[in-house]
Amino acid sequence: MVNLEINCEAVRKILTGFIANEVRKTGFSRMVVGLSGGIDSALSAFLAAEALGPENVWGICMPYRTSSPESAAHAALVVRALDIQSLTVEITPMVDAYFALFPDADQMRRGNKMARERMTILFDHSARLGALVLGTSNKTELLLGYGTLYGDMASAVNPLGDLYKTQVRQLSRHLGIPQAIVDKQPSADLWAGQTDEAELGFTYQAVDRLLNLLIDQRYEIADVAAEEGVEEKFVRAVAHRIQSSQYKRRLPVIGKISARTIDRDFRYARDWGH
């Protein structure tokens, strides 16, 4: 049985407490977040503003020339709703300068470059402001590998990583995120007309149910297919995406030659020494 309903008020308290604790115990008090105009970055910003105070949150909008004007407008809605600090950095000059050298690059390469360009900007401003970078990748995206390594998947603190996309929507409604953002089709806005679900080939609602059974409840593939009444081929395709993207969810593998190798034996907690 799948139940993706969450106690939104309890989750709100857990995640705002998580942000405040993780940021402050490292000696920081501010966060920067890339505002795409989408629901994930909006929710992260809302949670951070509540946890740290809006004066300690910077929302940075980083449009490309093909980005939808609606995305910028929705990012501005978040800034106004929260009264957070904001900045717009156009990524077109740097991205186009690079691909002038490789004009035959496909959409995947271009999309990955844009995602990584945005993250370098966020980390630069994190250094300028003495702030940590706030993550915006949800559990669905992380499990499917639907993100760019060292791009949108990079951050210092991620409050959304244990929320499925459908749960992100629930919590967003509860926090009062503008309706236009909550209701629109999810999109990375990497090219005109791009939507997440069209690119993935299935809806978030359908895949979240499968992921819950496969990951949280540890069902076998055949049992998931029977439980959900879907083709086993679809379940196997989702399971393959999880397995083939595992490298994105782990630190780089280090060749072991000593007694205490960092990713195997030298494994203190993240807040060791604080």
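Helices here are DSSP runs of H or I with at least four residues, numbered from the N terminus.

**View 1. The whole chain in the predicted model.** The protein chain holds 12 helices and four strands. Its C-alpha atoms occupy a box of roughly 50 × 50 × 45 Å along the principal axes. The radius of gyration is 19 Å, which agrees with a compact globule, because 274 residues packed that way would give a value near 19 Å. Of the 274 residues, 49% count as buried. Among contacts with a separation of 6 or more, 73% join residues 24 or more positions apart.

**View 2. The surface and its charges.** The protein chain exposes about 14100 Å². Carbon and sulfur atoms supply 53% of that area. The chain carries 31 positive and 33 negative charges. The mean positions of these two sets lie 5 Å apart.

**View 3. The largest nonpolar core.** This core has 38 residues. Those with the most contacts inside it are I19, M31, L35, L43, V78, L163 and L171. Helices α1 (8-24), α2 (39-52), α3 (69-82), α7 (165-175) and α8 (179-183) each supply at least two of its residues. Strands β1 (30-34) and β2 (57-61) each do so as well. The largest share comes from α2, with 10 residues.

**View 4. A second core.** Separate from the largest core is another nonpolar core, of 21 residues. Its members include L210, L213, V235 and A239.

**View 5. The surroundings of V78.** V78 ranks among the residues with the most contacts inside the largest core. Neighbours within four places in sequence are left aside here. V78 is then in contact with L35, A42, A45, F46 and I181. One of these partners, L35, is also listed among the residues with the most contacts inside the core.

**View 6. I181 in helix α8.** I181 lies in helix α8. That helix spans 179-183 and supplies at least two residues of the largest core. I181 counts as buried because its relative accessibility is 1%, and the cut-off for buried is under 20%. Residues up to four places away in sequence are not counted in what follows. I181 touches G37, G38, I39, A42, H74 and V78. A42 is in contact with V78 too.

**View 7. The pair I181 and I39.** These two residues are 142 residues apart in sequence. Their C-alpha atoms are 5.7 Å apart in space. I39 is one of the residues that I181 touches.

Notes: Residues are numbered from 1 along each chain as its sequence is written. This is a predicted model: local features need pLDDT of at least 70, side-chain atom pairs count only at pLDDT 80 or more; totals for chains, interfaces and linings use all residues. Side-chain values use heavy atoms; hydrogens and water are left out. A nonpolar core is a set of buried Ala, Val, Leu, Ile, Met, Phe, Trp, Tyr and Cys residues joined through side-chain atoms within 4.5 Å. Buried means under 20% relative accessible area, exposed over 50%, partly exposed in between (1.4 Å probe, protein chains only). Contact means heavy atoms within 4.5 Å. The radius of gyration is taken over C-alpha atoms; the globule rule is 2.2 Å times the number of residues to the power 0.38. Accessible areas come from the Shrake-Rupley method with a 1.4 Å probe; for residues, only the protein chains shown count as cover. Lys and Arg count as positive and Asp and Glu as negative; His and the chain ends are not counted. The place of a charge is taken as NZ of Lys, CZ of Arg, CG of Asp or CD of Glu.
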